[in-house]
Amino acid sequence: MPESDLNQLLTADSLFDIAGATFFMRGENYCANGAVEDLIESRGIIKAMVAGEHNYKVKIRIRHNELDYGCNCPVGQKGLFCKHLVATGLTWLEEQEAPVKNKTTRAKKKSKKPDIFADIRDHLNSLNKKQLIDIIIEQTEDNVAFRNTLTANALTDLPADKQKLDAQKAFIRKAIQIRNFVDYHGMYRYLQKVEPVVNLIEQLYQQNHDEQVIELTAYALRLGFTAYNGIDDSDGGFGDMLDEFASYHHQACHQSKPDKKRLAKSLFDLQMHDGWGLIDFRQYETALGKQGLEQFKILAKQRWQKVTPRKVNQGDNFDSDDYNITAVMQQLAEIEGDIEAVIAIKKRNLSNTYHYYEIADIYRQAKRYDEALQWAEKGLKKFSNEPNAQLVEFLVKEYQRRKQHDKAI
């Protein structure tokens with residue numbers, strides 16, 4: 001079946017099945033109330049804006065003979081087929097002369113739909129090349145997303161050299177960097193600026209430019225980690241883009257054979273700036289090899305030596321680098337299966353009661369119950385004025401396990 005053939009897969013029944021009864025009924029209401037705006041179908045892709053609490057961008061197409069879809073609402077960001085997608089699908093069906101009232105409605109025989117771009121296409125065909133370029137350039141002046149899309153396409157056509165790489169980095173930097181806080185209402189415009197960067201990386205990846213993909217995704221991630229602290233990503237759209245960058249970086253590293261020491265340095269740098277767990281050196285074990293892993297350990301141990309131990313009443317004010325290197329060191333210890341090494345890392349920060357709980361729980365999982373109890377009791381004693389709920393629950397269960405019910409009570 002052709003990728004552009006929506007008629008066979010996009011029906012009232014398929015919308016109901018994929019969305020479920022609740023989202024389908026809500027989508028029906030949105031459709032009936034005319035919430036779907038600017039709906040177009042071009043090259044087998046349906047796009048629309050749907051008015052709800054905010055204006056949401058919707059896309060439906062056929063990919064690998066299945067419905068592929070997206071909506072930037074909170075529900076759509078989770079990968080669910082939301083009411084906005086249902087409303088868009090139903091509105092499209094209506095425009096195909098197939099009125100839809102409920103799940104059991106069957107589409108009437110469709111006549112060939114007129115080309116909504118016919119007049120525009122005829123007009124553009126009448127223009128010369130210079131006139132067409134002038135129209136496009138004029139549109140790019142006020143439409144950042146369109147301008148970035150064209151720039152991304154242009155940057156994939158340049159010869160592969162340092163000048164091209166510098167131009168690509170400049171484009172990525174301009175798209176991702178922020179000057180002021182981006183609030184919820186400004187996120188749609190910001191994501192439109194960044195989305196072409198994802199498209200650029202995707203095109204380079206499909207063209208097997210793995211070395212470029214590795215360098216550019218690492219660069220985009222570093223910029224993204226910084227930007228993340230200055231945006232309201234309540235809907236998770238930017239987080240999803242960072243996840244895509246991380247995914248392309250991971251795949252390109254495994255498909256190519258990057259310099260292992262250089263990769264180790266790059267991964268360590270990324271993990272030291274990643275507060276969201278997108279980069280984990282353990283996933284790069286094959287690409288790093290023994291040499292790369294040893295280099296990673298050297299860098300980690302050098303940074304670990306700079307962490308000042310913190311004890312009770314010193315305040316839990318590790319900076320972000322301290323937290324990140326603590327996580328890295330714990331991961332290294334876990335790889336080696338060394339519980340005592342993990343505990344030693346945890347002991348570097350005993351500034352709050354939760355850290356005592358973590359140590360007690362590690363001992364519990366290792367079935368070293370006496371040591372687990374000792375650390376839990378120690379934590380409760382040192383923080384008697386502000387006990388951690390998990391620590392208290394831990395102690396109750398441990399006392400009950402030992403049949404020390406008086407202590408549990």
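In which helix does N199 lie? N199 belongs to helix α9, which spans residues 187-206. The model discussed here is predicted, and the values that follow are computed from it.

**Confidence**

The mean pLDDT of the protein is 86, and 91% of its residues reach 70 or more. Over residues 103-111, however, the pLDDT is below 50. Beyond near neighbours in sequence, this stretch still has 15 contacts in the model. Where pLDDT is low, predicted coordinates should not be read in detail.

**Residue environments**

The table lists five residues with their locations and relative accessible areas.

| Residue | Location | Relative accessible area |
|---|---|---|
| K169 | helix α8 (residues 162-176) | 18%, buried |
| G70 | strand β4 (residues 66-71) | 26%, partly exposed |
| N199 | helix α9 (residues 187-206) | 28%, partly exposed |
| D38 | strand β1 (residues 36-42) | 62%, exposed |
| K367 | loop between α16 (353-365) and α17 (369-382) | 64%, exposed |

K169 counts as buried because its relative accessible area of 18% falls under the 20% cut-off. The side chain of K169, a residue of helix α8, makes a polar contact of 2.7 Å with the side chain of E215. When neighbours within four places in sequence are left aside, K169 is in contact with E215, L216 and Y219.

G70, in strand β4, is partly exposed at 26% relative accessibility. Apart from neighbours within four places in sequence, G70 is in contact with K57, V58, K59 and L85. The C-alpha atoms of G70 and C82 are 9.0 Å apart in space, while the two residues are 12 apart in sequence.

N199 is likewise described as partly exposed, with a relative accessible area of 28%. Along the chain, N199 and G237 are 38 residues apart, and their C-alpha atoms are separated by 15 Å.

**Backbone geometry**

Most residues other than glycine have a negative phi. Against that background, two residues deserve mention. D38 is not a glycine, yet has a positive phi of about 55°; D38 is found in strand β1. D38 counts as exposed because its relative accessibility of 62% is over the 50% cut-off. K367, also not a glycine, has a positive phi of about 60°. K367 is found in the loop between α16 and α17, and with a relative accessible area of 64% K367 is exposed.

**The second largest pocket**

The second largest pocket has a volume of about 460 Å³. Its lining comprises 17 residues, of which E211, I214, E215, P258 and R262 are the closest to its centre. The elements giving two or more residues to this lining are α8, α10 (210-228) and α12 (260-273).

Which element gives the most to the lining of the second largest pocket? That element is α10, with six residues. By residue class, the lining divides into six nonpolar, three polar and eight charged residues.

E215 connects two parts of this account: E215 is one of the residues closest to the centre of the second largest pocket, and its side chain is joined to that of K169 by the 2.7 Å polar contact. Helix α8, in which K169 is found, is in turn among the elements that give two or more residues to the lining of the pocket.

Key. Residues are numbered from 1 along each chain as its sequence is written. This is a predicted model: local features need pLDDT of at least 70, side-chain atom pairs count only at pLDDT 80 or more; totals for chains, interfaces and linings use all residues. Side-chain values use heavy atoms; hydrogens and water are left out. Helices (H or I, at least four residues) and strands (E, at least two) are DSSP runs, numbered from the N terminus. Buried means under 20% relative accessible area, exposed over 50%, partly exposed in between (1.4 Å probe, protein chains only). A polar contact is a pair of N or O atoms within 3.5 Å; within protein, one must be able to donate a hydrogen and the other to accept it, and residues adjacent in sequence count only if both atoms are side-chain atoms. Contact means heavy atoms within 4.5 Å. On a 1 Å grid over the protein atoms alone, a cavity is a set of points where a 1.4 Å probe fits but cannot get out, and a pocket is an open set with protein on both sides within 12 Å along at least five of seven lines; lining residues have an atom within 4 Å of a point. Grid points are joined across faces, edges and corners, and a volume is the space filled by probe spheres set on the points. Ala, Val, Leu, Ile, Met, Phe, Trp, Tyr, Cys and Pro count as nonpolar, Asp, Glu, Lys and Arg as charged, and the others, Gly among them, as polar. pLDDT is the predictor's confidence in each residue, from 0 to 100.
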